[in-house]
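Here's a quick briefing to read alongside the structure. Have the model open while you go through the points.

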Amino acid sequence: MTPPSSPPDTTVKKPGRVRRPKSARAGGQMHAGPIAYVILALFTIGSLFPLVWTAIAASRDNNRLAQTPPPFWFGGNLLNNLDIAWNDANLGEAFFNTTIVAGTSAVTIVFLSTIAGFAFAKLKFRGRGAMMLIVIGTMMVPPQLSVIPLYMMVAKLEWTDQLQAVILPSLVSAFGVFFMRQYLIQALPDEIIEAARVDGASSWRVVWHVVFPAARPAMAVLGMLMFVQTWNDFLWPFLVLSQTGNPTVQVAVAGLGRGYTPDQSLIMAGALLGTLPLLLVFAIFGKQIVGGIMQGAVKG
């Protein structure tokens, strides 16, 4: 006689809780491994080495820089070389001129690029695609090709050795238009523009009250990039400006250490002085710019 079968087990077993690593949890902070720290340290050292070497060379004399091996630590002539470079190159006037040129160019490029980028991104008009291709195509033309006709035009207008010869050619940027267009396509929803139109806002009011606030992070980044680019520009200012008239920083530094044996320590001192304002600007506004990029990425 077979024993009676036991009733089936109908209890539902709860699945075991799977423990996830702390970095994979929602909201958890990811931690880099030792290899990542090594790679970041190498990139940081490689990025800072030119600046550190410039400061080391500026603190030595020309005889020590000509020896082998070169110095790898600071000397005692830094303040003396900086003072000589400041006075010989007239860097006070050069800083003032460069600030005017770079500031005017950056503000104008940001303003015009934002308006043009908004038009290419959100407005519909005939020939929009062809015009955008032309703008992008100008980025592929080497700027050296335009030096000769541009110089002939400046000479005919008698603008040589004047700041407007440097400012006016740099008031527009094809890269700025393309950059702002790509940003506004994602960061500015069409519904906001349509709502402003329904409220009776004109085109300029839409630009001022809708486009500019939405594009503020990208405008800050573009302004920084254009300011740095204009500050470091050398070829065109060197052609139309003189070192005794209205020099920019790069033109003034180019006149340092001239002679049968160029004084490399003075040249490095001038280069260090010309770099310090950019480092100061980035140290002050770098966090706001990076925060603006992240804010724009989240909104997009």
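Let's start with K122: setting aside neighbours within four places in sequence, K122 is in contact with R128, L184, I185, L188, D190 and I193. Keep in mind that this is a predicted model. One of those partners, D190, also pairs with K122 in a salt bridge, and a search of the whole structure turns up 1 salt bridge.

**K122 and its salt bridge**
- K122 sits in helix α4, and its side chain makes a polar contact with the side chain of D190 at 3.0 Å.
- That pairing also counts as a salt bridge, with 3.0 Å from N to O.
- The bridge ties together distant parts of the chain: D190 belongs to helix α9 (residues 190–198) and K122 to helix α4 (residues 91–122), with the two positions 68 residues apart.
- Is K122 buried or exposed? K122 has a relative accessible area of 19%, so it counts as buried, the cut-off being under 20%.
- D190 has a relative accessible area of 39%, so it is classed as partly exposed, a label that covers values between the 20% and 50% cut-offs.

**Nonpolar cores**
- As background, nonpolar side chains tend to be buried together in soluble globular proteins.
- Here, the largest nonpolar core has 44 residues, and the ones with the most contacts inside it are L91, F118, L184, L188, V206 and W231.
- Helix α4 supplies the largest share of this core, with 10 residues.
- Apart from that core lies another one of 11 residues, including V147, I167, V240 and L241.
- Two of the names in the big core's list, L184 and L188, also turn up among the contacts of K122.
- What does V206 touch, if you ignore residues up to four places away in sequence? The partners of V206 are F118, I193, A196, R197, A201 and V211.
- I193 is in contact with V206 and also with K122.

**The chain as a whole**
- The chain has 14 helices and 0 strands, so reading from the N terminus you go through one α element after another, as DSSP assigns them.
- Of the 300 residues, 33% count as buried.
- Among contacts with a separation of 6 or more, 70% are between residues 24 or more positions apart.
- The accessible surface of the chain comes to about 19,800 Å², and carbon and sulfur atoms account for 66% of that surface.

How values were computed
Residues numbered from 1 in each chain as written. Predicted model: local features only at pLDDT ≥ 70, side-chain atom pairs only at ≥ 80, totals over all residues. Heavy atoms only, no water. Salt bridge = Lys/Arg side-chain N within 4 Å of Asp/Glu carboxyl O. Helix = DSSP H or I, 4+ residues; strand = E, 2+ residues; numbered from the N terminus. Buried < 20%, exposed > 50% of the residue type's maximum accessible area, 1.4 Å probe, protein only. Core = buried A, V, L, I, M, F, W, Y, C linked by side-chain atoms within 4.5 Å. Contact = heavy atoms within 4.5 Å. Polar contact = N/O pair within 3.5 Å; in protein donor to acceptor, adjacent residues only side chain to side chain. Areas by Shrake-Rupley, 256 points an atom, 1.4 Å probe, with all protein chains shown as cover.
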